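Welcome! Here is a short briefing to help you find your way around the structure shown below.

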Amino acid sequence: MKSFLGKRAIASAISLIGLIVLVFFLSRLTGDPTALYLPVDASLESREQFRELHGLNDPLIVQFGTYVSDLVRFDFGDSIRRSEPALDAVLRAFAWTLQLALITMSLVIVTAVIVGSLAAFHVGGVFDRITTFFSLVGASAPDFWIAIVAIVLFSVNLGWVPTSGTGTLWHWILPVAVLFIRPFGLILQVVRGSMISVLGSAYVKTARAKGVRNRPIIFVHGLRNAMLPVITVIGDQAAALLNGAVVVETIFGFPGVGKLMIDSILQRDFSVVLAAIFVTAVAIFVMNILIDILYAVLDPRIRY
Amino acid sequence: MGETPLLEVRNLSVDFHTVGGKVHAVRNVSWHLSRGETLAILGESGSGKSVSASAIMNLIDCPPGEIVSGEILFEGQDVLKMSSNARRDLNGRRIAMIFQDPLSHLNPVYTVGFQIAETMTAHGTPRVQARSRALELMARVGIPDHEAKFDAYPHQFSGGQRQRLMIAMALALKPDILIADEPTTALDVTVQAQVLALLEELQQETGMGLLLITHDLGVVAEVADRVVVMNSGEIVEAGTASDVYHDPGHPYTRKLIAAVPGTGEMAAPLETGIKPILEVNGLTKHFGSFIALDDASLTVLPGETVAIVGESGSGKSTLAKTLLRLEEATSGEALWHGRDLVTMGQRELFSLRRDIQMVFQDPTQSLNPRMSVYDIVSEAFAIHPKILPRSQWKARVRELLDQVGLDANHMNRYPHQFSGGQRQRIAIARSLALEPKLIICDEAVSALDVSIQSQVMTLLTGLQDKLGLSYLFIAHDLPLVRDFAHRVIVMQDGRIVEQGPVAQIFEAPRQTYTRNLIAASLHPDPEIQARRRSERLAMAGD
């Protein structure tokens with residue numbers, strides 16, 4: 001197990017380095033930041049001064065060298081827009097995104113697992129049909145549309161919740177609810193499918209022959225086996241949320257990492273973009289390792 | 001019959017609603033079981049032999065199943081009229097069941113100790129008490145080091161131990177009836193004998209009624225008092241095990257008894273002085289530090305059937321895979337007409353693949369479900385394009401299907417549209433497509449019913465006579481080998497422990513291992529089996 005974790009950590013570090021190199025050069029292809037930052041009628045001298053100040057005049061390879069040596073010290077440089085260290089801005093935004101992702105995924109997992117398992121118990125029953133219908137609708141509805149409709153309905157017309165921003169508990173309700181719908185539909189379907197095949201398995205037959213009640217058959221014998229394929233999908237969906245739910249964060253004016261990243265890309269604030277990519281990548285690598293550990297915890301046949 | 005039997009099934013009929021229409025799984029089935037008695041339900045796949053047991057345990061899903069009529073009386077009460085909660089309460093406490101494949105019937109993610117104790121906790125036994133009783137049971141069914149094994153998982157046990165654990169689980173609450181559905185089919189012969197002996201012992205201890213569902217006349221002969229023979233959902237014959245074997249009344253029973261291998265004439269060895277087509281010297285295969293195959297040497301003559309027998313893990317399949325280069329040998333040589341298969345380059349090996357073909361155990365898995373029979377058989381010509389021009393493929397496939405006894409007009413059908421025996425014929429036709437000299441059959445008929453088995457064996461023998469084929473026949477079923485092989489090789493723990501002409505191995509085995517193997521295989525005649533059993537007990541007593 002320890003050597004497995006070591007290997008995974010090294011593999012993750014290598015991919016991370018590759019990612020950093022790729023992103024640095026790709027972001028330099030998007031154009032000259034001076035054109036964006038300075039007024040159209042700015043003089044050549046002031047443009048030159050700006051370039052000199054931010055090291056944009058050095059050859060690319062020198063810029064990259066400076067960048068890497070800074071990185072080793074976890075110094076991503078300052079944000080051009082915000083005049084604060086890029087990493088600070090990113091970590092602040094990431095904390096918001098992490099909270100949003102954690103709350104949403106916890107709700108999704110608990111509800112999808114329970115509802116999906118019960119739907120699987122009576123395949124083709126009324127409960128199964130209703131949940132299948134709504135989960136499919138949820139999984140296929142575009143979230144920007146749901147977000148806008150929700151704002152119009154619940155904030156503008158009914159006035160129950162604020163339209164955007166953060167601050168009170170009420171501010172969280174709409175973003176969480178909108179982000180909830182799609183992963184809920186998807187994971188519910190995976191739980192249901194996985195549970196149907198598990199409930200048809202030979203060991204469930206044994207449990208019935210032993211006289212085990214229905215509830216432990218589903219939630220003891222069934223669930224732990226059914227969760228194995230589900231975890232993979234959960235990881236995938238959680239990764240999407242950690243990356244920042246760009247559209248939803250933008251619509252609700254939620255100060256998460258997705259919104260920060262989009263803003264920084266538009267403003268060519270390279271150091272922030274890089275720091276944001278770095279932080280979310282690390283988070284996703286950590287989460288994948290946690291998922292691998294979870295596999296081994298759930299299934300004693302998996303040993304690394 | 002004076003007293004009411006413990007369990008009685010009366011005129012039970014069960015239908016299954018399928019896409020293809022209604023299937024009558026069992027029709028008007030009646031039988032009874034008394035305390036301390038062993039009743040066997042004998043039948044081939046699809047005979048409906050398990051359906052009444054599933055109905056007793058409430059394991060039939062309705063729909064698609066439907067209990068059309070009949071009663072199941074347990075101590076005089078019709079369980080079909082009970083509430084599902086009352087029936088759940090009977091399960092495990094009064095009536096218990098064990099199944100064919102213990103690995104898939106044990107939950108892979110829970111410890112065996114938990115699963116045994118669960119039978120008791122599900123019926124209200126306190127956890128601590130259930131745990132100590134589970135430990136007792138594990139010791140009773142013969143799990144070595146049972147205290148430490150309490151927290152082990154099913155995959156950490158051998159097949160025989162898993163079935164013992166299933167038995168412990170089933171008998172935890174001392175049920176009045178144990179239903180055993182093919183309990184030893186997946187086990188080696190020596191392990192089968194031990195498990196059957198354990199069941200009998202426990203039956204004598206507890207006085208439970210034992211309902212044994214099986215396809216194996218040998219198992220019936222070994223343990224059953226009475227037997228019910230089923231064919232396509234109906235009981236065709238019932239009586240004591242001895243009466244049914246010696247004086248079968250129904251043609252189906254007669255056919256079933258005639259198909260049991262191990263009673264025919266043994267083949268004489270081929271004459272000496274013929275040059276072998278395959279000569280294996282010192283073939284060895286290591287998997288890490290595990291020696292799967294150790295210094296195996298053997299020869300195969302043209303037109304000869306060499307059987308390799310041994311229990312699971314003895315290295316039979318590793319030998320076959322190494323010969324086919326599906327595994328690379330660690331050392332040794334295998335000379336095919338003087339050329340070494342083990343060191344041969346890929347190009348030469350490719351042309352040689354024509355000569356050596358393989359037929360696998362499970363045709364359902366070894367045939368691609370998305371390819372038609374024509375595609376499956378003609379694929380060989382596509383891989384080896386120089387053999388046959390495309391214009392002649394169809395005619396050749398037709399010829400091959402004729403040869404294996406299939407209707408050539410069905411060549412555009414898919415594997416799932418055929419029965420198990422027919423599928424194995426397709427696999428044989430595929431292996432014959434390239435006119436091989438040697439066919440390696442890895443448990444090629446083990447998954448088939450006895451009557452189908454004998455048809456396929458007749459086919460293989462006929463092909464050998466006509467085409468001069470050699471077979472390397474890997475099997476665990478000794479009676480089958482006895483009827484079919486010229487020469488027998490016995491393997492144990494990766495080594496060849498004995499080899500010789502079939503008559504010598506079966507009539508004068510030199511090794512104790514071989515003797516035990518032969519003694520453990522079951523004869524369909526209850527009298528002969530009773531005699532063998534007393535011999536075996538005497539041997540064990542020494």
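## A buried helix to start from

In helix H15 (residues 373-383) of chain B, the buried residues are Val373(B), Tyr374(B), Ile376(B), Val377(B), Ser378(B), Ala380(B) and Phe381(B). These buried residues of H15(B) pack against H16 and helix H17 (420-432) of chain B. Please keep in mind that this is a predicted model.

**The neighbouring helix H16**

- Helix H16 of chain B spans residues 393-403 and holds both Arg396(B) and Glu399(B), which sit three residues apart, about one turn of the helix.
- The side chains of Arg396(B) and Glu399(B) form a salt bridge, with N and O 2.6 Å apart.
- Are the two partners buried or exposed? Arg396(B) has a relative accessible area of 15%, so it is buried, while Glu399(B), at 44%, is partly exposed.

**Chain B as a whole**

- Chain B contains 22 helices and 20 strands.
- A compact globule of 542 residues would have a radius of gyration near 24 Å, and the 25 Å of chain B agrees with that.
- Along the principal axes, the C-alpha atoms of chain B fill a box of roughly 70 × 55 × 45 Å.
- Of the 542 residues in chain B, 55% are buried.
- Among the contacts in chain B with a separation of 6 or more, 68% come from residues 24 or more positions apart.
- The surface that chain B exposes is about 23,200 Å², and carbon and sulfur atoms supply 49% of it.
- Chain B carries 51 positive and 64 negative side chains, and the centres of these two sets lie 5 Å apart.

**Chain A as a whole**

- Which elements make up chain A? It has 13 helices and zero strands, so you can read its elements from the N terminus on as an unbroken run of α.
- The box filled by the C-alpha atoms of chain A is roughly 85 × 55 × 30 Å, taken along the principal axes.
- Chain A has 304 residues, and 45% of them count as buried.
- For contacts in chain A with a separation of 6 or more, residues 24 or more positions apart account for 73%.
- The accessible surface of chain A is about 15,300 Å², with 70% belonging to carbon and sulfur atoms.
- Chain A has 23 positive and 19 negative charges, whose mean positions are 22 Å apart.

**Salt bridges, within and between chains**

- Over all chains, the structure holds 30 salt bridges.
- One of them joins Glu118(B) to Lys210(A), and the closest N and O atoms of this pair are 2.9 Å apart.
- This pair crosses between chains: Glu118(B) belongs to helix H4 (residues 112-121) of chain B, and Lys210(A) belongs to helix H9 (residues 202-210) of chain A.
- Glu118(B) and Lys210(A) are both buried.
- Another salt bridge brings together the side chains of Asp78(B) and Lys81(B), at 3.4 Å from N to O.
- The two partners differ in how much surface they show: Asp78(B) counts as buried because its relative accessibility is 12%, whereas Lys81(B) is exposed, with a relative accessible area of 66%.
- There is also a network of salt bridges in chain B, which links Arg35(B), Glu75(B), Arg94(B) and Asp176(B).

**A loop residue to look at: Thr125(B)**

- Where does Thr125(B) lie? You will find Thr125(B) in the loop between H4 and helix H5 (127-140) of chain B.
- Thr125(B) has a relative accessible area of 19%, and the cut-off for buried is under 20%, so this loop residue counts as buried.
- Leaving aside neighbours within four places in sequence, Thr125(B) is in contact with Met120(B), Ala130(B) and Leu173(B).
- Leu173(B) is 48 residues away from Thr125(B) along the chain, and the C-alpha atoms of the two are separated by 9.6 Å.

Notes
Residues numbered from 1 in each chain as written. Chains lettered and ligands numbered in written order. Predicted model: local features only at pLDDT ≥ 70, side-chain atom pairs only at ≥ 80, totals over all residues. Heavy atoms only, no water. Helix = DSSP H or I, 4+ residues; strand = E, 2+ residues; numbered from the N terminus. Rg over C-alpha atoms; globule rule 2.2 N^0.38 Å. Buried < 20%, exposed > 50% of the residue type's maximum accessible area, 1.4 Å probe, protein only. Contact = heavy atoms within 4.5 Å. Areas by Shrake-Rupley, 256 points an atom, 1.4 Å probe, with all protein chains shown as cover. Lys, Arg positive; Asp, Glu negative; His and termini not counted. Charge placed at Lys NZ, Arg CZ, Asp CG, Glu CD. Salt bridge = Lys/Arg side-chain N within 4 Å of Asp/Glu carboxyl O.
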